[in-house]
Amino acid sequence: MPRDTSSDSLAYWDERVTASRWLIAKTAAWGALAGFFAVLGQGWLEDARPLFPFIQQNYALWQTVYLLALVLVFVLWAVAMQQKITILHNSKVGRAAQQRVVDFNARQAQRKLEALQRREQALREQQAQAQAASKPQEGRSSKFDF
């Protein structure tokens, strides 16, 4: 049984758009979770300050390193979100292009079908005319009937 590759391709692009949306949702959730833990981590660093002398002695350094780590995580998250949004955009463009191909193929198949039907109709009309012309005339014959 032949496979309809245009429909398969369209289904592929639909699945890719759906997967891209889920990736964006998951990445956004991970970013929100990271933001939540960033706020908690700042508090935990302040609470750990009197407990650990090495943090107390270099608290400004620890706070700077923590802030740089947060900035790095945010930049990585922003790059990941941009990548996911780009994948979604490319998937939508690919789906639109595939939809145009499917529509074009459907119009072309419809035109071929209509042309075939017109040819068959013309052939039937020719056969009907040929049968009508070859049929002997009924009734009296006249002397000039050749």
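In which helix is W44 found? W44 sits in helix α1, and the views below start from the whole chain and then move in on single residues. Please keep in mind that this is a predicted model.

**View 1. The whole chain is built from three helices and zero strands.**
Reading from the N terminus, the elements follow the order α-α-α. Helix α1 covers residues 5-48, helix α2 covers residues 53-57 and helix α3 covers residues 59-134. The chain has 146 residues, and 14% of them count as buried. Its accessible surface comes to about 12,000 Å², and carbon and sulfur atoms make up 63% of that surface. Now look at how the chain meets itself: among contacts with a separation of 6 or more, 70% are between residues 24 or more positions apart.

**View 2. The confidence of the prediction varies from helix to helix.**
Over the chain, pLDDT averages 86, and 88% of the residues score at least 70. Which element has the highest mean pLDDT, and which the lowest? Helix α3 has the highest, at 92, while helix α2 has the lowest, at 79.

**View 3. A nonpolar patch lies on the surface.**
Here you can find W30, L33, F36, F37 and W44, the residues that form the patch. Together they offer about 600 Å² of accessible area. W44, the residue from the opening question, belongs to helix α1.

**View 4. D14 and R95 form a salt bridge.**
A search of the whole structure finds one salt bridge, and this is the place to see it. The closest N and O atoms of D14 and R95 are 2.2 Å apart. The pair links distant parts of the chain, with D14 in helix α1 and R95 in helix α3, 81 residues apart. Are these two residues buried, exposed or partly exposed? D14 has 30% relative accessibility, so it counts as partly exposed. R95 is also partly exposed, because its relative accessibility is 27%. While you are here, find S91 as well: the C-alpha atoms of D14 and S91 are 8.1 Å apart in space, although the two residues are 77 residues apart in sequence.

**View 5. S20 is a buried residue of helix α1.**
Why does S20 count as buried? Its relative accessibility is 3%, so S20 falls in the buried class, which takes in values under 20%. Which residues does S20 touch, once its neighbours within four places in sequence are left aside? They are I87, L88 and S91. You have met S91 before, in the view of D14.

**View 6. T27 is another residue of helix α1, and T27 too is buried.**
Its relative accessibility is 11%, which is why T27 counts as buried. Setting aside neighbours within four places in sequence, T27 is in contact with W77, A80, M81 and K84. To trace how the chain comes back to T27, look for A78 too. T27 and A78 are 51 residues apart along the chain, and their C-alpha atoms are separated by 9.4 Å.

**View 7. F74 and W77 form a tilted aromatic pair.**
How many aromatic pairs does a search of the whole structure find? The search finds three, and F74 with W77 is one of the pairs to look at here. Their ring centres are 6.0 Å apart and their planes meet at 35 degrees, so the pair is tilted. Both residues lie in helix α3, three residues apart, which is about one turn of the helix. F74 is exposed, because its relative accessible area is 51%. W77 has a relative accessible area of 28%, so W77 is partly exposed. W77 also appears in the previous view, as one of the contacts of T27.

Conventions: Residues are numbered from 1 along each chain as its sequence is written. This is a predicted model: local features need pLDDT of at least 70, side-chain atom pairs count only at pLDDT 80 or more; totals for chains, interfaces and linings use all residues. Side-chain values use heavy atoms; hydrogens and water are left out. Helices (H or I, at least four residues) and strands (E, at least two) are DSSP runs, numbered from the N terminus. Buried means under 20% relative accessible area, exposed over 50%, partly exposed in between (1.4 Å probe, protein chains only). Contact means heavy atoms within 4.5 Å. Accessible areas come from the Shrake-Rupley method with a 1.4 Å probe; for residues, only the protein chains shown count as cover. Patches are made of residues with over 30% relative accessible area and no salt bridge: like charges are joined within 9 Å, nonpolar side chains (Val, Leu, Ile, Met, Phe, Trp, Tyr) within 5 Å. A salt bridge is a side-chain nitrogen of Lys or Arg within 4 Å of a carboxyl oxygen of Asp or Glu. pLDDT is the predictor's confidence in each residue, from 0 to 100. Rings of Phe, Tyr and Trp (its six-membered ring) pair if their centres lie within 6.5 Å; planes under 30 degrees apart count as stacked, over 60 as edge-to-face and the rest as tilted.
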